[in-house]
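User: I would like to learn how charged side chains pair up in a protein. Could we go through it step by step?

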Amino acid sequence: MEKGLLDQYADVKNYVLKHSLRQDDLLKELQDLTQNMPEKSMQIPPEQGQFLSMLIQLTAAKKVIEIGVFTGYSSLCMARSLPADGKIIGLDVSEEWTNIAKTYWQRAGVSDKIDLRLAPAIESLDTMIANNETETVDLIFLDADKEKYLTYYERSLSLLKSGGLLVIDNVLLFGSVVKHDRLEDDMPSKLSKASIIEVDALNKKIVDDDRVDLTMLTMADGISLVRKK
Ligand code: CA
């Protein structure tokens, strides 16, 4: 599970979770299973899943894209909050990871709300753009390979409706965006220099981007809420 900056304030964090987190047995089982995998740091923390669920409710989103499905925790949380005619288009390249996701979507009874597309996400996004789906998407959750974040950002803005919401995960990259060299020793090993430079560049771009409204949250590993004007 990702460790957020606020995790250093363990007592506060524990209080927050005790007084806000609602995680049922199915989500807990999926969390525990994923935490036994080598890629466990890619799983969002449960409070972030609950936050995504609330964002779906607040925006009344019906057409959602998730860029980076992994084992399905976030898509499961979002799908449960979607109306019966809502749909998540889930983009990932890993059959192994998404097979786990599929199992839990089925058990939660939300499989019919999730359209999984196994291909490089940029290809899938370009296909949607080519199929005249620009300006049709209500909400996009971006949580895929960080080295491509600038590209994902532009594709996402094309696909979102005016007023649509882009939720970008890991915008702080364990604090490494603050000072690129600082965390070389204790950073997760797969966090590449290229990914730090890319995410930092995207953060710098968005704050000056007149096409969007913006809030950056310090929840989890940093989450930017970007609303297309
Ligand atoms: Ca993430």
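Analyst: The questions below deal with salt bridges in this predicted model.

User: How many salt bridges does the count come to?

Analyst: A pair is counted when a side-chain nitrogen of Lys or Arg lies within 4 Å of a carboxyl oxygen of Asp or Glu. By this rule, the count for the model comes to 17 salt bridges.

User: Which residue forms a salt bridge with K28, and how many residues apart are the two in helix 2?

Analyst: The side chain of K28 meets that of D32, with an N to O distance of 2.8 Å. K28 is partly exposed at 35% relative accessibility, and D32 is also listed as partly exposed, at 34%. Both belong to helix 2 (residues 25-34), where about one helical turn separates D32 and K28, the two being 4 residues apart.

User: Is D138, the partner of K161, buried or exposed?

Analyst: K161 and D138 form a salt bridge whose closest N and O atoms are 2.8 Å apart. This pair links distant parts of the chain, since K161 is in strand 5 (residues 160-169) and D138 is in strand 4 (residues 137-142), 23 residues apart. K161 has a relative accessible area of 34% and is partly exposed. For D138 the relative accessible area is 15%, and because buried means under 20%, D138 is buried.

User: Which residues are linked in a network of salt bridges?

Analyst: Here the salt bridges join into a network, and the residues linked in it are E154, K205, D209 and R211.

Conventions
Residues are numbered from 1 along each chain as its sequence is written. This is a predicted model: local features need pLDDT of at least 70, side-chain atom pairs count only at pLDDT 80 or more; totals for chains, interfaces and linings use all residues. Side-chain values use heavy atoms; hydrogens and water are left out. Buried means under 20% relative accessible area, exposed over 50%, partly exposed in between (1.4 Å probe, protein chains only).
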